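Student: Please take me through one part of this model in detail, and then work outward from there. I'd like to begin with a single residue and its surroundings.

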Amino acid sequence: MGVLSYERKQGKTYSKMDFSDGPLNQQAQAPLSFQVPLTPPAGVLAEQMAAPRRNISEKGRLQELMRPSSILSVGSADYASAPLGPLSSRARFRAWMVNEGSRRIFVGVWVFLHALVFAFGYLNYSRKDNLTKLRALFGVGYPIARSAALVLHFDVAFIMLPVCRNFISVLRRGPLNGVIPFEKNITFHKAVAWSIVFFSFVHVGAHVVNVYWLVCSLTAKTSDRIKAYILTNFTTGPGLTGWIMNVCLAVMVWYAQDGKKKTNFERFWYSHHLFIVINWQLHGMFCMLKVRSTVIPLAGLQKADSLGKPDREPFCSWTTIGSFWKWWIFGGAIYIYERILREVRARHRTYISKVILHPSKVVEVQIKKEKTVTRAGQYIFLNCPEVSYWQWHPFTLTSSPAEEYISVHIRVAGDFTTAFAQALGCDISKKEKDVGAQVVPPPLNKTLPRVMIDGPFGSASEDVFKFEVSVLVGAGIGVTPFASILKTIWYRLNFPPQGSRSRLAKVYFFWICRDYDSFEWFQSLLLAIEEQDMGNRIEIHTYLTAKIKEDDINNIFVQDVGGDRDTITSLRAPTHFGRPQWGKIFSSIAAKHPSTEVGTFFCGPKALGSQLHEECNKNTDGRKEGTKFVWGKENF
């Protein structure tokens with residue numbers, strides 16, 4: 001793993017230890033103790049083959065949580081002895097509040113406010129005494145349309161805040177973090193967006209009926225009605241701006257769907273900036289009350305207009321109708337500030353110091369950037385002008401704050417990541433079998449592309465150190481946020497910060513991969529942690545879920561018998577085959593850590609996240625002596 005050396009710069013200690021993984025065979029040959037005997041003694045081999053169960057050496061290397069005496073089922077005698085009778089209503093409520101309460105209450109309040117705004121708006125516009133003639137013409141459609149517009153203004157006040165990531169990162173560090181689920185900022189952004197879609201549909205539908213009653217009041221001739229209806233929709237101020245806004249909104253929603261967003265992120269990115277075209281201020285400046293007098297001359301009608309203005313003051317004016325800016329100003333000002341801040345940060349001196357190509361098309365990029373202070377578990381937005389000047393993509397940091405560079409691991413899967421990897425000089429088209437991590441040499445006669453960094457920003461994983469016990473679960477490339485956390489723990493184990501003590505006492509780390517080559521991404525880090533963790537504060541559990549070929553099974557069996565290290569990962573802790581039995585794992589953790597809040601953090605597929613979320617709720621005990629599993633998931 002190399003020689004350790006440390007230097008102090010500007011009051012900060014940096015480590016020159018290189019956690020970048022080389023090929024698996026090189027890593028395994030570095031320390032003598034890491035070598036696994038290819039052929040164990042004949043007596044040991046015969047003894048293990050005679051008993052078709054986990055071999056003795058592997059059983060001795062099992063982490064404490066996975067030993068048969070520790071794995072408890074929910075109905076076992078040991079686990080059942082802890083509860084003191086059935087849960088009371090108060091205990092069930094406390095358990096519900098751990099993961100679901102604050103979120104459900106927050107959503108409930110948000111829905112209630114929408115209903116309240118619509119109800120009061122409807123009462124106002126249906127009883128306002130200077131709109132009597134208008135209500136007589138349009139009927140119930142007019143107050144419905146105006147009330148829906150009022151709710152849209154309310155949503156505009158919130159739609160920009162969830163994507164103001166600096167603003168959210170600051171709020172996460174305050175007392176509101178325990179009340180508002182800031183890690184669900186993108187989910188909340190989507191919820192507000194769907195609310196805008198729904199009430200836009202209500203607003204448009206009501207006005208479609210209103211325009212029909214309007215043209216009916218102009219003429220009784222069918223051809224003149226059709227002409228007036230078309231002119232009202234596409235030549236008047238409210239009609240034309242309204243339909244333009246609806247087309248832009250439809251395009252944004254279409255490309256923002258998860259499937260289309262994953263397959264073609266570029267279309268999502270560019271189409272989402274159509275919100276600039278959706279200018280409700282311009283739409284609101286036109287007065288619906290004056291539409292009738294505008295359409296009459298355009299349609300060639302001679303009928304006099306008696307609805308050119310309200311019954312009495314205040315009369316219709318762009319200064320009173322265009323009130324969009326009053327709702328948008330707070331969130332919009334913060335958003336504009338953050339975009340300016342992004343441009344300022346992008347101009348800080350930044351360069352790529354090292355590129356490593358890992359198995360399974362994963363590229364590690366080490367970047368040095370001035371004026372950057374990070375925390376474990378954070379993420380950044382990365383831009384490569386050579387690929388696209390306007391596209392910014394989120395990646396979790398895999399480096400520790402104690403390191404003098406920041407690093408990200410990028411899985412090459414889409415248009416941007418493929419183009420970026422090729423710009424870095426990575427040949428991702430070649431077969432990777434039996435080839436480990438390799439440092440990519442800089443391209444000849446060409447400099448590495450310029451990159452721009454925005455961030456770092458806070459995430460759910462940043463709260464790991466607030467708990468006494470933490471469970472970290474990463475699936476595939478979803479392990480990246482926990483690499484930064486594990487590195488930080490390693491530095492704290494070896495170099496405890498002066499004057500501060502971490503509350504974190506125990507970490508259960510689970511890494512689930514489909515192929516064993518993926519374990520090379522952070523192999524040297526896991527080896528270093530296992531070697532230095534004398535107090536067994538970190539338990540590493542690796543799972544291989546893919547179907548293994550028969551030849552590979554035989555090879556693993558032969559090399560693993562009698563060895564003191566796992567054949568696949570070179571760790572002392574053995575690799576488990578198949579999917580984790582989360583029910584038994586959570587119940588065992590609960591039995592080992594009573595009266596404890598256990599932070600559970602996950603990054604990976606949605607299906608696995610839902611399963612872990614359910615297990616957290618199922619195994620949370622609301623009593624004072626019970627274990628509480630606090631759920632946290634990465635969202636970008």
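What is the relative accessibility of Thr418, and what does Thr418 count as on that basis?

Tutor: Happy to, and keep in mind throughout that this is a predicted model. Thr418 has a relative accessibility of 25% and counts as partly exposed, because buried means under 20% and exposed means over 50%. The residue belongs to helix H18, which covers residues 415-423. Setting aside residues up to four places away in sequence, Thr418 touches Val412 and Ile428. You can also look across to Val387, which is 31 residues away along the chain: its C-alpha atom and that of Thr418 are separated by 9.8 Å.

Val412 is a good lead to follow, and it takes us to the nonpolar cores. Start with the largest nonpolar core, which has 37 residues. Leu472, Ile485, Leu486, Ile489, Phe509 and Trp511 touch the most other members of it. Two or more residues come from each of helix H19 (480-494), strand S11 (506-513), helix H20 (523-532), strand S12 (538-544) and strand S14 (597-603). Helix H19 is the top contributor, giving 7 residues to this core. For a sample of the packing, take Phe509: not counting residues up to four places away in sequence, Phe509 touches Leu472, Val479, Phe482, Leu486, Leu526, Glu539, Ile540 and His541.

Apart from that largest core lies another, with 24 residues, and this is where Val412 comes back in: Cys384, Ile406, Val412 and Cys426 are among its members. So the partly exposed Thr418 touches a residue, Val412, that is a member of this second core. Cys384, for its part, counts as buried at 0% relative accessibility. Another cysteine, Cys164, is also buried at 0%. If you are wondering about cysteine pairing, a disulfide here requires sulfur atoms within 2.5 Å, and the count comes to 0 disulfides.

Let us turn from the core to a sheet. Strand S5 covers residues 379-383. Three strands, in the order S6-S5-S9, make up an open antiparallel sheet. Strand S6 (393-396) and strand S9 (452-457) are the edge strands, each pairing on one side only. From one strand to the next, the twist averages 30 degrees. S5 and S9 pair in the antiparallel sense over 4 bridges, and if you want a point of reference, Phe381 stands opposite Asp454 in S9. As background, strands of a sheet pair through backbone hydrogen bonds, either parallel or antiparallel.

Next come the charged pairs, since the structure holds 12 salt bridges. Two of them involve arginines in helix H5 (residues 89-127). Arg104 bridges to Glu100, with the closest N and O atoms 3.4 Å apart; both residues lie in H5, 4 residues apart, about one turn of the helix. The two partners contrast in exposure: Arg104 is exposed, with a relative accessible area of 52%, whereas Glu100 counts as buried at 11%.

Arg103 forms its salt bridge with Glu183, at 2.5 Å from N to O. This pair links distant parts of the chain, the residues being 80 apart: Glu183 sits in the loop between helix H8 (165-172) and helix H9 (185-218), while Arg103 is in H5. Both ends of this bridge are buried, Glu183 at 13% relative accessibility and Arg103 at 13%.

Further along, Asp621 forms a salt bridge with Arg623, the closest N and O atoms being 2.7 Å apart, and both of these residues are buried. There is also a network of salt bridges that links Arg172, Asp463 and Lys466.

One more acidic residue deserves a look. Glu615, in helix H23 (residues 606-618), is buried with a relative accessible area of 10%. Leaving aside neighbours within four places in sequence, Glu615 is in contact with Trp582, Gly583 and Phe586.

Finally, here is the wider setting for all of this. The protein has 23 helices and 15 strands, and of its 636 residues, 50% count as buried. Among contacts with a separation of 6 or more, 76% join residues 24 or more positions apart.

Key:
Residues numbered from 1 in each chain as written. Predicted model: local features only at pLDDT ≥ 70, side-chain atom pairs only at ≥ 80, totals over all residues. Heavy atoms only, no water. Salt bridge = Lys/Arg side-chain N within 4 Å of Asp/Glu carboxyl O. Buried < 20%, exposed > 50% of the residue type's maximum accessible area, 1.4 Å probe, protein only. Core = buried A, V, L, I, M, F, W, Y, C linked by side-chain atoms within 4.5 Å. Contact = heavy atoms within 4.5 Å. Pairing = 2+ DSSP bridges. Axes fitted to C-alpha atoms, helices over the stretch in contact; angles between N-to-C directions.
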